[in-house]
Amino acid sequence: MTILAIETSCDETAVAVVRNGRDILSSDLFSQADMHAMYGGVVPEIASRNHAVALGRLVELALKNAQISKNDLDAIAVTAAPGLIGALLVGVNFAKGLAFALGLPLIPVHHLRGHIAANYIAYPDLNPPFLSLVISGGNSLIADVQGYTDIRIIGRSRDDAAGECFDKTARVLGLGYPGGPILDKLAETGDDMAFNLPSPKIENHPYDMSFSGLKTAIVNIVHNAEQKGETLDTASLSASFARTVSEILVPRVFAAAKELGHHTIVVAGGVAANSRIRADFIKTAKEENKTLLIPPLNLCGDNAAMIGAQAFYEYKGGVIAGTELDARATMEVSENFTHMRNYYEFRTSTRTHRI
């Protein structure tokens, strides 16, 4: 089954052609990072406008690179939730039009399920069940993956996501956007024990996380140094920050795997590209005798190949949408789009009644 997949949940416009959920025929991406860097973060309106400009040409490029035509496609997939609502709507509306014009099934995909599915591409022998940590710019959660579309959240951040904390830390340090790669590089020369940073625990919820206190601590350290006219060791602060984030994530994941009886642990999302976090997971997996899978760097960040991979399994599970499909800014990774049909029918009937 050959699927053309579209991803526009944030500031990356991505299109890919994926066959049978595992093989990438093409994967193309238009990055807007430079456009948002001057603002220190993503500007939703700018992101949406640039998706609209780039998407059509990117689809043609993806088909060309896959060496196929539109007639060779079996379905169209699109990220429908969660994300920036304007950015999502651009992708969803484009996908609806393309699927309607070609007479093909339209498959809505949850963005975070896509991140997990990046590992199906990287590791073709991987099948559920397994435990997954998803760490991205907008989400941090631990999930019990019992099936390709059967996912249960067992732990999550109560406030900021890990990726958001990386970006905000980089911003307060004046390092620019996106902050994750810059902090990672800077931390290489720092002392990771130079700063004692908070690593909170949530009472009676051992797998939940919190990053807001860590972010506030960084802000206070930077402001205190500025007020006193002191030179801040930003390399050591970056290294200490990365160590602390890793110490929040790694023990929780392995404790959850032990409790649930999972031998395989899958890490996914943009923050999985961080070298300290990757190294600590690899080290602990060896100590705990667990199988650890982390996608290569090109599949950690937002991309359409992961959406095409998950779409294959959503389709096999009966998930097909029509022109009633709407984007959603928020949606639990455990929710299936099949459960949303009554919601869409209600929205459609309500609109019709009002007209």
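Q: How many of the 8 residues of strand β2 are buried?

A: The model is a predicted one. Burial is read from relative accessible area, with under 20% counting as buried. In strand β2 (residues 12–19), 7 of the 8 residues are buried, so the rest of the structure largely encloses this strand.

Q: How do side chains lie in a regular strand?

A: They alternate between the two faces of the sheet. For β2, 7 of its 8 residues count as buried.

Q: Which strand do 6 bridges join to β2, and in what sense do the two run?

A: Pairing is read from bridges, and at least two are needed between two strands. Strand β1 (residues 2–7) is joined to β2 by 6 bridges, and the two run antiparallel. One point of register is A5, which stands opposite A16 in β2. With 4 residues between them, β1 and β2 form a hairpin.

Q: Over how many bridges do β2 and strand β3 pair?

A: There are 8 bridges between β2 and β3 (residues 23–31), and the sense is antiparallel. Here V15 stands opposite D28 in β3. These two strands form a hairpin as well, with 3 residues between them, and N20 in that hairpin takes a positive phi near 55 degrees.

Q: Is D144 buried or exposed?

A: The cut-off for burial is under 20% relative accessible area. D144 is at 5%, so it counts as buried. Its place is in strand β7 (residues 140–147).

Q: Which side chain makes a polar contact with the side chain of D144?

A: The partner is the side chain of H262, at 2.7 Å. H262 also appears among the residues in contact with D144 once neighbours within four places in sequence are left aside. The others in that list are F130, L131, D150, I151, R152, I154 and L260.

Q: What radius of gyration does the protein chain have, against that of a compact globule?

A: The comparison rests on chain length: for 355 residues, a compact globule would have a value near 20 Å, and the chain has 21 Å, which agrees. Along its principal axes, the C-alpha trace spans about 65 × 45 × 45 Å. The chain has 11 helices and 10 strands.

Q: What share of contacts in the protein chain joins residues at least 24 apart?

A: Among contacts between residues at least 6 apart in sequence, the share is 72%.

Q: How many Å² does the protein chain expose?

A: The exposed area is about 15500 Å², of which carbon and sulfur atoms supply 51%. Buried residues make up 53% of the 355 residues.

Terms used. Residues numbered from 1 in each chain as written. Predicted model: local features only at pLDDT ≥ 70, side-chain atom pairs only at ≥ 80, totals over all residues. Heavy atoms only, no water. Buried < 20%, exposed > 50% of the residue type's maximum accessible area, 1.4 Å probe, protein only. Polar contact = N/O pair within 3.5 Å; in protein donor to acceptor, adjacent residues only side chain to side chain. Contact = heavy atoms within 4.5 Å. Rg over C-alpha atoms; globule rule 2.2 N^0.38 Å. Areas by Shrake-Rupley, 256 points an atom, 1.4 Å probe, with all protein chains shown as cover.
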